[in-house]
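Subject: Handover of a structure

Dear colleague,

Please find below the structure that I am passing on to you. My findings follow it.

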Amino acid sequence: MTDASPPQTFQMDGHDVAFTPGQSILTAALAAGRYIPHLCFHPEFTAHGSCKVCTVKVNGQPHASCTTPARSGDVVESDTDELTQLRLNLVQFLFAEGNHFCPSCEKSGACTLQGVAYELGMTTEHYSPLFPDRPVDASHPDVLLDFNRCILCELCIRASAIHDQKHVFALSGRGITKHLIVNAESGRLADTALALSDKAMTVCPVGVILRKRQGFAVPIGERRYDHQPISAVAVGHRPKEDGHE
Amino acid sequence: MPTSLDTAPNPETLRRIVIEPVSRVEGHGKVTILLDAERKVQQVRLHIVEFRGFERFIQGRPFWEVPVMVQRLCGICPVSHHLAASKAMDQIVGATRVPATATAIRRLMHYGQILQSHALHFFHLASPDLLFGFDSDPAKRNVVGVLAAHPDLARHGILLRKFGQEIIRITAGKRVHGTGSIPGGVNKRVTPAERDELRAPLADVVAWAEAGVRLVADLFAANRALYEGFGTVRSSLLSLVAPDGALDLYDGVLRARDADGGILFDGVRCADYGARIHENVRSWSYMKFPFFAELGPERGWYKVGPLARIQNCDSIGTPRAEAARQEFLARTLGTIQHAPLAYHWARMIELLHAAEVIERLLADPALVGDELTATGARATTGIGVIEAPRGTLIHHYEVDADDLVTMCNLIVSTTHNNTAMNEAIRQVARQYLDGREPTEGLLNHIEVAIRAFDPCLSCATHALGKMPLAVEIVDAAGALVTRLVRDGESL
């Protein structure tokens, strides 16, 4: 019966995008091969629209495309100078808020934040960096937490709670002092139930949750975004197990 | 400290000349010269004015990040830091025997860097002084001038550098700041196709390197009094040598000679460097002053780098470079050559040696093997020593049980040469400035002496910066008499 009915579509940047009921604008666009920059979205978890990088205009109004249901006949703007500039500003805020030193980061070349920044044409932080003091947590024998790079996407929180059923991660504080914490009285990762096999180990879009002693094992030329920009990888490749997307 | 021109008794009464920054060197430094009312030189200092702090901010970082992070000390010799740190981290991960393939790839990376760095220094930075004269027209005294007057020479210099950079790209992933070397080995194979790509230009590379040696040897022969006397100061020498005494720039034991060539120590394990080398600080420079502990800070300073290496070793294991070394040694009839300008000759001999070593490595079946890493029992201390283009490079780390670095000590090639460079420019000041009105050409003599050492001032302060130059002449009352400003090439 459904085979006979015409596909439902909305229009994005002048192109028809087909969708099935229940899809968001973002998931429908990605499935149709149309990239919308995003950071806190992961296809296996409920979208919560917090980073706002995936913001599009729907019939002229801004909406987070990851949480906005696709509707037939809507007119969506995504690839516009205005939205690109707004997304760039958001990403620059994130770079300025944390300590993102790509030159020595083992996630470089496979980092979603870096990939989105390149996609948006970011060449400078623009804003004065805050240089927050965030010591790493190296207490776990197999996992390093480098809070310097956290963008508060909450993917590890969602993965640990929903998939792993462990609730290892949470956010604490408000506003500029909001930060990632772990669920242990001591505050140390070693005293949590985190295991290498956890889903939470695989979802960090930046370089916060790291397998110890594995950094730089993948040579330049073989990293996720070495040959294709994130816009191509996100719509053309199946997700790898060792990282985001 | 070593000589009378280190500290003047009444500096406030003297006229002060500042060369800032020193040009055509890597990094940012300045020279101050104090003259009395008769223009007699009273004090000369090479100041390293930038602070970087790598030793501090590497603390608290995971050890596997270190070989990548520390190479940001430098854009010219990052491979040296990359490899010295990797060698230290080999010890941390217990890789007592790094696989032959990984060692061959690292050696190839290292000799590729030696070749490109030496080519950069000689052809791009130093050759304008040597080809055109120290006080020649500054508008032409640069690499563009060399391109106009000696196009083949300049082209070969550029192509030599390109070849070295290609080696680094293939072994490290990028021409600058790659990630190829990791604790315990390397992360990237060299494929037979990549090896063959590097083999193709080898004959030209060796020929250009030989021509480079010939050029400096001929310049030396034609201007012997100048080349042997300019800024010459006697000192001890330090370098790594292979266990059999041969030149080895990647690994070995520490050997030191006194100014007459007698052995001060030999066969010292790199891990024991701390018992032999101590460091002093001075209030006027961010660069430390190392010295041999047994001789003390007054007499224990020494030279490192090409001039030290080719005289400290017993032989060079590649025929063309050894023949060139014998010609070099024949000039001094068995005594130690201390002339700063002889660094250029020694540097070209090493460039030729690097080309020959690269040729050998590219013929070694181990290079294209598949075993890339090794691990073993964890350790808490890692000390990696390598002969960087500019001299002995020491990386020392302590790593805790949580895998974080708790201590980092770096003694960088240029730092070893700190006193030697200061003494060389004091000697040049005595020889050329005393009693004369400073001119751009005369002040360039000071820079020529510094350049001979090929200092990397960025590395040495563990700095970013270009090399514009400002020379201020201030009278005895402190009033500015003249200020000359240079940005990059022309004054």
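In this predicted model, the largest cavity has a volume of about 100 Å³. It is lined by 15 residues, and those closest to its centre are Cys150(A), Cys153(A), Cys156(A), Leu180(A) and Cys204(A). Helix H4 of chain A, which covers residues 155-163, supplies the largest share of this lining, namely 3 residues. By class, the lining of the largest cavity consists of 14 nonpolar residues and 1 charged residue, with no polar ones.

The second largest cavity holds about 90 Å³ of space. Among the residues that line it are Phe95(A), Phe101(A), Cys102(A), Cys105(A), Cys111(A) and Leu113(A). The lining of this second largest cavity also includes His100(A), Ser108(A), Gln114(A) and Arg149(A), as well as Val206(A) and Gly207(A). Its residues divide into 7 nonpolar, 4 polar and 1 charged.

Turning to the pockets, the largest one has a volume of about 1,200 Å³. Its lining comprises 45 residues, of which Glu106(A), Lys107(A), Ser108(A), Gly109(A) and Ala110(A) are the closest to the centre. Two elements of chain A, helix H3 (112-119) and strand S9 (209-211), each give two or more residues to this lining. Helix H3(A) gives the most, with 4 residues. In the lining of the largest pocket, 19 residues are nonpolar, 13 are polar and 13 are charged. You will note that Ser108(A) appears both in the lining of the second largest cavity and among the residues closest to the centre of the largest pocket.

I also examined the domains of chain B. Domain 1 is made up of residues 11-51 and 421-486, while domain 2 covers residues 54-415. The contact between these domains involves 36 residues from domain 1 of chain B and 40 residues from domain 2 of chain B. Taken over C-alpha atoms, the centres of the two domains are 27 Å apart.

How much area is buried between domain 1 and domain 2 of chain B? The value is about 3,300 Å², and carbon and sulfur atoms give 62% of it. There are 3 salt bridges between the two domains. In chain B, a salt bridge also links Asp454(B) with Arg390(B), where the closest N and O atoms lie 3.3 Å apart.

With kind regards

Methods:
Residues are numbered from 1 along each chain as its sequence is written. Chains are lettered from A and ligands numbered from 1 in the order in which they are written. This is a predicted model: local features need pLDDT of at least 70, side-chain atom pairs count only at pLDDT 80 or more; totals for chains, interfaces and linings use all residues. Side-chain values use heavy atoms; hydrogens and water are left out. On a 1 Å grid over the protein atoms alone, a cavity is a set of points where a 1.4 Å probe fits but cannot get out, and a pocket is an open set with protein on both sides within 12 Å along at least five of seven lines; lining residues have an atom within 4 Å of a point. Grid points are joined across faces, edges and corners, and a volume is the space filled by probe spheres set on the points. Ala, Val, Leu, Ile, Met, Phe, Trp, Tyr, Cys and Pro count as nonpolar, Asp, Glu, Lys and Arg as charged, and the others, Gly among them, as polar. Domain bounds come from an automatic or database domain assignment. Contact means heavy atoms within 4.5 Å. Buried area is the accessible area (1.4 Å probe) that two parts lose on being put together, summed over both. A salt bridge is a side-chain nitrogen of Lys or Arg within 4 Å of a carboxyl oxygen of Asp or Glu.
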